[in-house]
Amino acid sequence: MTIALFSGSIDKLTGAGVLLAGAAADDMDVEVYVLIQGARAFLKDVAGDPAKLEMAENPHLKEEFLASLEKLKVMPWIEFFETAKELANVKIYVCGLAGKIWGGEEVSDFIDLVDDIVGIGEVITSLEESDIHLFI
Amino acid sequence: MDQEELKNLKVDKSVDARAVACPGPLLAAKKAVRELESGQLMEVLSADSATKRDIPKWAQKKGHEYLGTIEESGFFRIYMKVK
């Protein structure tokens, strides 16, 4: 499975994490390509801080969304990604251009979950070879 | 298995995932099953109604044997035998 993760919206990151963790529980190999807005969310100084991530749709409901997640004891979006990597062969790649847009030049600028920085050729090759594609 | 047989099972591992919503119980089951050997029995406790369908489907797909579910007050006990 290949996930093109364009969004940096906290609700979509959470949804992507749930799908990714579910796929990992199913032992699926997954490659996640983090694009444009998504790349910002994976920066070290952004990823763990919900205050730095907005909700693209219905931004006024962000606090309600986060409060519900907490009440339901749903893990933060990063932990879904961590769990997925623990359970299965999950790779997370940041698009080189997307990284540069937000000042992330090196893989070390991003959280440890990120495996590498790649170009669009690798994204396209993965899409060609994968049987399931998700764009989030 | 009928409910009486399920109640009398002696499980090798019990996973209490009642505090977490979907997909927490499935992830807990996936982690726990790695610690078990073929033929061992596991129960997953979940208060999430979606898990009642999720875990049997996952177990079947992964080759484990789904044995049945007991509905308790406010939660489920889902039983499976590891492949």
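This is a short tour of a predicted model, moving from the interface of chains A and B to chain B alone and then to one loop residue of chain A.

**Stop 1: the interface**

Show chain A and chain B together. Select the contacting residues on both sides: 14 belong to chain A and twelve to chain B. The two chains bury about 1200 Å² between them. Carbon and sulfur atoms account for 60% of that area.

Now pick A:Ala25, A:Asp26 and A:Leu87. These three supply 40% of the area that chain A buries against chain B. No other three residues supply more.

**Stop 2: charges and polar pairs**

Stay at the interface and turn on side chains. Five salt bridges are counted between chain A and chain B. For one of them, select A:Asp27 and B:Lys30. Their closest N and O atoms are 2.3 Å apart. Next, look for polar contacts across the interface. Seven residue pairs qualify, with both residues at pLDDT 80 or more.

Which helices of chain A should you colour here? Choose helix H1 (10-25) and helix H5 (77-87). Each supplies at least two residues of the side that touches chain B. Then colour that side of chain A by residue class. You should find nine nonpolar residues, one polar and four charged.

**Stop 3: chain B on its own**

Hide chain A and switch to cartoon. Chain B has three helices and four strands. Trace the chain from the N terminus, and the elements run α-β-α-β-α-β-β.

How compact is chain B? Its radius of gyration is 11 Å, and the globule rule gives 12 Å for 83 residues. The two values are close, so chain B is as compact as a globular protein of that length. Along the principal axes, the C-alpha atoms fill a box of roughly 30 × 25 × 20 Å.

Colour chain B by accessibility next. Of its 83 residues, 47% count as buried. Then consider contacts between residues at least 6 apart in the sequence of chain B. Among these, 65% join residues at least 24 apart.

**Stop 4: a loop residue in chain A**

Bring chain A back and centre on A:Ser130. This residue lies in the loop between helix H7 (120-129) and strand S5 (133-135). Is A:Ser130 buried or exposed? Its relative accessible area is 13%. The cut-off for buried is under 20%, so A:Ser130 is buried.

What does A:Ser130 contact, leaving aside neighbours within four places in sequence? Select A:Met1 and A:Thr2: A:Ser130 is in contact with both.

Note on methods:
Residues numbered from 1 in each chain as written. Chains lettered and ligands numbered in written order. Predicted model: local features only at pLDDT ≥ 70, side-chain atom pairs only at ≥ 80, totals over all residues. Heavy atoms only, no water. Contact = heavy atoms within 4.5 Å. Buried area = accessible area lost by both parts, 1.4 Å probe. Salt bridge = Lys/Arg side-chain N within 4 Å of Asp/Glu carboxyl O. Polar contact = N/O pair within 3.5 Å; in protein donor to acceptor, adjacent residues only side chain to side chain. Nonpolar A, V, L, I, M, F, W, Y, C, P; charged D, E, K, R; others polar. Rg over C-alpha atoms; globule rule 2.2 N^0.38 Å. Buried < 20%, exposed > 50% of the residue type's maximum accessible area, 1.4 Å probe, protein only.
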